[in-house]
Amino acid sequence: MNRLETISILLAAWVAVAFEISFNGVRNLVGAQINLLPALMVYVALSSSLPSVALLAVVGGLAEDSFSANPLGVTTMALAMTGFILHHQRDLVLRDQLYAQVLTGFLASSLVPACVILALMNTHNPVPLTWRLLGQWLVMAVGGAVATPLAFRLFALINRLFTYQPLPESHYRETRQIKRNRI
Amino acid sequence: MLRKPQYIIAALVALVGLTFLSLPESLTGRVKLAVTGLFLPLFGLTESAQSAVRRAGNAVVPREDLVRELEQLRAEKQKLEFTLAQAQAAARENDQLRKQAGYPARAPWKLKPARVIARDPANWWRTIFVDVGSRDGVRADMPVVTPDGLVGRIASVGSTRAQVFLLGDQNCRVAALVKETAENGVIMPYAADPAIVTLTYLSRGSPVKGGQTIVTSGLELKPGNEVLTSGLGGVFPKDIRIGEVVDVRSVGFGLYQEARVKLAVNLNTLDQVWVVAQ
């Protein structure tokens, strides 16, 4: 985990939570706010190390729970679980393929809220399971599926802009140099 | 399989999560408010962006429209001054009558304006954050209103921010009464629609003999009846508008009635609210 990676993950988590708390366009349009942290977690789990997964789970989860009536730490646990599962199975996922990104984004974005709701069922203030909640869950899953390829493209751009790119190898070989001499 | 360092990281994250989950509620409230401090630049940025948009909008409004609006506002102001004079006279009369009857005088509301700075990212809760806190004299359980009606109550307070439980959230239950029938009930969440709440534990009014109906107030609940805060419970002052009855049904095997109430305030478009410091 290098410094740029850490900074960009923290910054992306901050932006994701900032979007969720201040942008209400999607909420007003479809009646549910989409969650961007699972999409981010998919990218981090498939492309980065386990400390990065842990960092995103702790920081993103705490930030999200702080603006919510959720018990503090519940989103951290859900994100961490999703991230660890994806990271463990990362060799089986074709992470460069668009359909794989969309599918893992859909699964992660449905798993995280499901885990949170399941955890809230065991508190003194359980969430009522209604058709409306099911619809919101679906919106979150679809929103996450759309956001995941965007996260991959964003981080690819950041990596291209801020990391050292090795120059393409030259075709020139000293051993194959044709030396022309006077005959 | 997971290797040893991976076990350690997973255990550490689980430990952090469980530690936060097991903290006492007062402490988690403080931690939450501290973490929201990291988003202060965002709130500042949002405010600056909004004021910039407002300024840009003001710059393009034609002078004719402004003058016309000014004239309308002047006329409205004069009308409101008459209404205010009448209301002040009525309030004076009310004070005198209360004094004669030996009732304690009603304390006037102290209203603090507040701006909505954030919304709950979780879809299953209904809370907002406002930009006033303990520094402005805001305390937990203070009611939050708009000119249209009740919004909710203050849940937790930081120095410059406060979290508000909105009407329809599971943590915001309000003692309410129907204005026309004086029936008392409790406002509870209605899960299927965020613009509607349930007014429950209303007296049943079911027939005991053919054609006879027991209704405590002598009136029946009807759609369109106005629902206000009852002042019972001590959190919300009396007579703040909540909404109006949509329909009524008998529940609990006919033990009591329940009414669906359409909220007077559109909670999705909240921008400016008022905290009532009683």
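Which residues does V151(B) touch, not counting residues up to four places away in sequence? In this predicted model, where local features need pLDDT of at least 70, side-chain atom pairs count only at pLDDT 80 or more, while totals for chains, interfaces and linings use all residues. Residues are numbered from 1 along each chain as its sequence is written, and chains are lettered from A in the order in which they are written.

**Contacts of V151(B)**
- V151(B) touches V144(B), V145(B), T146(B), V164(B), L166(B), L167(B), V265(B), L267(B), L270(B) and V273(B), a contact being two C-beta atoms, placed from the backbone, within 7 Å.

**Nonpolar cores**
- The largest nonpolar core (buried Ala, Val, Leu, Ile, Met, Phe, Trp, Tyr and Cys residues joined through C-beta atoms within 7 Å; buried means 20 or more other C-beta atoms within 10 Å of a residue's own) has 104 residues, and V151(B) and L40(A) are among those with the most contacts inside it.
- Helix α4 (residues 50-66) of chain A gives the most to this core, namely 10 residues, a helix being a DSSP run of H or I with at least four residues.
- Because domain 1 (4-59) and domain 3 (109-278) of chain B both give residues to this core, it lies between them; the domain bounds come from an automatic or database assignment.

**Strands of chain B**
- Strand β3 (residues 143-146) pairs antiparallel with strand β4 (residues 149-157) over four bridges, where strands are DSSP E runs of at least two residues and pairing requires at least two bridges found by DSSP.
- A hairpin through two residues joins β3(B) to β4(B), and T146(B) has G149(B) as its bridge partner.
- β3(B) is also joined by two bridges to the antiparallel strand β14 (residues 272-277), in which V275(B) stands opposite V144(B).

Notes
Buried ≥ 20, exposed ≤ 12 C-beta atoms within 10 Å, placed from the backbone.
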